[in-house]
Amino acid sequence: MITGVDILRIIRESDIGIDTEALDHRRPLHEQQIDSLDMMTILFEVEKRFSVSIAEADIENDLLASIDQIVQYVNARAA
Amino acid sequence: MIGISDIASYIPGNRISNLDRCEALGADKAFVSNKIGIFSVARKAVHEETSDLCCAAFERLRQRGRVEPSRIQAVVVCTQNPDYSLPHTSAIVHGKLGLPEQCAAFDISLGCSGYVYGLAVIEGFMKGAGLAHGLLFTADPYSKIIDENDKNTSLLFGDAATVTYVAESPVFATGRSTFGTRGKGYEGLICRDKTLSMNGRAIFNFAASTVPDDVRNSLAMNGLSIGDIDRFLIHQGSKYIVEFLSKALELPPEKTPFECAEYGNTVSSSLPLMLENVLGDASIRRVLMTGFGVGLSWATTVLFRQ
């Protein structure tokens, strides 16, 4: 099972230039200065690191908009 | 030995400013400037055909006085936006340039991986047929198929053409090349009903997951390491992807240029446009080039200065 800490680690390592400590885990990341290309990088790493495949439709339906949602998504597929 | 003897290019003078149309396209200016990294895209004139772009590039080559048209034995055009579905654009270029009839001419249908593939194809063809003078053109004006209201593509792609003179006593010899295809991902960048569409995430994921390993494989096959390379020419898809791949491979930023800010992603012309700029720099001994994109397709090679 992953936690928000794992996602924060990915965001830090992605060199986006964001203060990860200031991120609200419940708010959509695109509302917190993370743009679409940054999200591509983050989700790419999530897929690679946690061996999960993220469907395009799930992104379009905002199922991975926030850190909490990403954690929930990954853990649901790991179960 | 045959290899790259000279390169010339033609970028049309027309430009569309990306920053000026951000508001209309719903794009953020800072995003376009800092992430996409392309401030304007080149657009051919409406009356210019793909073959015309090729001929314009060749005229620049011819003016240097090192190529004699009457000696050309092979003409290859890399394009997926030909003048016509038939005949092949290389035949049209052959006619417009008045090349001799004892000359092979054929097209290669490839996009952003096309220059590396194209070099391998023309060199292999010429070696097999015992030829000494060939021209490899790249000319893929996506303006023919772009919906200018689609910010996913309109802000990226620009028109250009290059010609590489492949001959004996080359400046650069081509080392061993790697090639790959992921046909299952073909819909990621596709032209349907004469209109281009791109799934940005699919293309990014493809490049991010494929190119770093391919570059490492190419280096290994050529008996080299990252420290042995003087220039890393990464296909200029966007500033973001070039920087991403550069970081993934831990490449020195000063050796990994991003040069297309004023004209855009020119597809198969992307790599030779940059290579043209280092041809005359004797300090650059080894160049790694990697092209990747539509297909999905990728190819990497190393060039060695002779």
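**Reading a two-chain model, piece by piece**

Modeller: Let's start with one pair: Leu233(B) has Met289(B) as its bridge partner in β13(B). Bear in mind that this is a predicted model.

Colleague: OK, so how do I read that pair? Which strands do the bridges join, and in which sense do they run?

Modeller: Go from the residue pair up to the strands. Strand β12 of chain B, residues 231-234, is joined to β13(B) by four bridges, and the two run parallel.

Colleague: And on which strand is the bridge partner of Thr290(B)?

Modeller: On β14(B), where Thr290(B) is partnered by Thr300(B). The pairing of β13(B) with strand β14 (residues 297-305) of chain B is antiparallel and covers eight bridges. The two strands make a hairpin with three residues between them, and in that turn Gly295(B) has a positive phi of about 145°.

Colleague: Why is β13(B) described as largely enclosed?

Modeller: Count its buried residues. A residue is called buried when 20 or more other C-beta atoms lie within 10 Å of its own. In strand β13 (residues 286-293) of chain B, seven of the eight residues are buried, so the strand is largely enclosed by the rest of the structure.

Colleague: Can I read a helix that way too? Which residues of α4 in chain B are buried?

Modeller: Sure. In α4, residues 89-97 of chain B, the buried ones are Thr89(B), Ser90(B), Ile92(B), Val93(B) and His94(B). Then ask what they pack against: for α4(B), that's α3 (50-62), β4 (74-78), β5 (104-108) and β6 (133-139) of chain B. Right after α4(B) comes Gly98(B), with a positive phi near 65°.

Colleague: What does Val75(B) touch, if I skip its close sequence neighbours?

Modeller: Leaving out neighbours within four places in sequence, Val75(B) is in contact with several residues, among them Ser90(B), Val93(B) and His94(B), along with Leu99(B) and Leu135(B).

Colleague: How should I think about a nonpolar core?

Modeller: Here's the general idea: in soluble globular proteins, nonpolar side chains tend to be buried together. In this model, the largest nonpolar core has 108 residues, and Cys54(B), Ala57(B), Val75(B) and Phe137(B) touch the most other members. Domain 1 (2-170) and domain 2 (173-305) of chain B both give residues to this core, so the core lies between them.

Colleague: How many residues of each domain of chain B are in contact with the other?

Modeller: There are 45 residues of domain 1 in contact with 45 of domain 2 in chain B. On the domain 1 side, the largest share comes from α5(B), with eight residues. By class, that side has 26 nonpolar, 14 polar and five charged residues. The C-alpha centres of the two domains of chain B are 16 Å apart.

Colleague: Now chain A. How many helices and strands does it have?

Modeller: Chain A has four helices and zero strands. Its radius of gyration is 11 Å, close to the 12 Å that the globule rule gives for 79 residues, so chain A is as compact as a globular protein of that length. Of those 79 residues, 25% are buried.

Colleague: Last one: how many residues does each chain give to the contact between them?

Modeller: Chain A gives seven residues and chain B gives nine. On the side of chain A that touches chain B, helix α2 (residues 36-50) of chain A gives the most, with four residues. That side of chain A divides into three nonpolar, one polar and three charged residues.

Methods: Residues numbered from 1 in each chain as written. Chains lettered and ligands numbered in written order. Predicted model: local features only at pLDDT ≥ 70, side-chain atom pairs only at ≥ 80, totals over all residues. Buried ≥ 20, exposed ≤ 12 C-beta atoms within 10 Å, placed from the backbone. Contact = placed C-beta atoms within 7 Å. Nonpolar A, V, L, I, M, F, W, Y, C, P; charged D, E, K, R; others polar. Pairing = 2+ DSSP bridges. Rg over C-alpha atoms; globule rule 2.2 N^0.38 Å. Core = buried A, V, L, I, M, F, W, Y, C linked by C-beta atoms within 7 Å. Domains from an automatic or database assignment.
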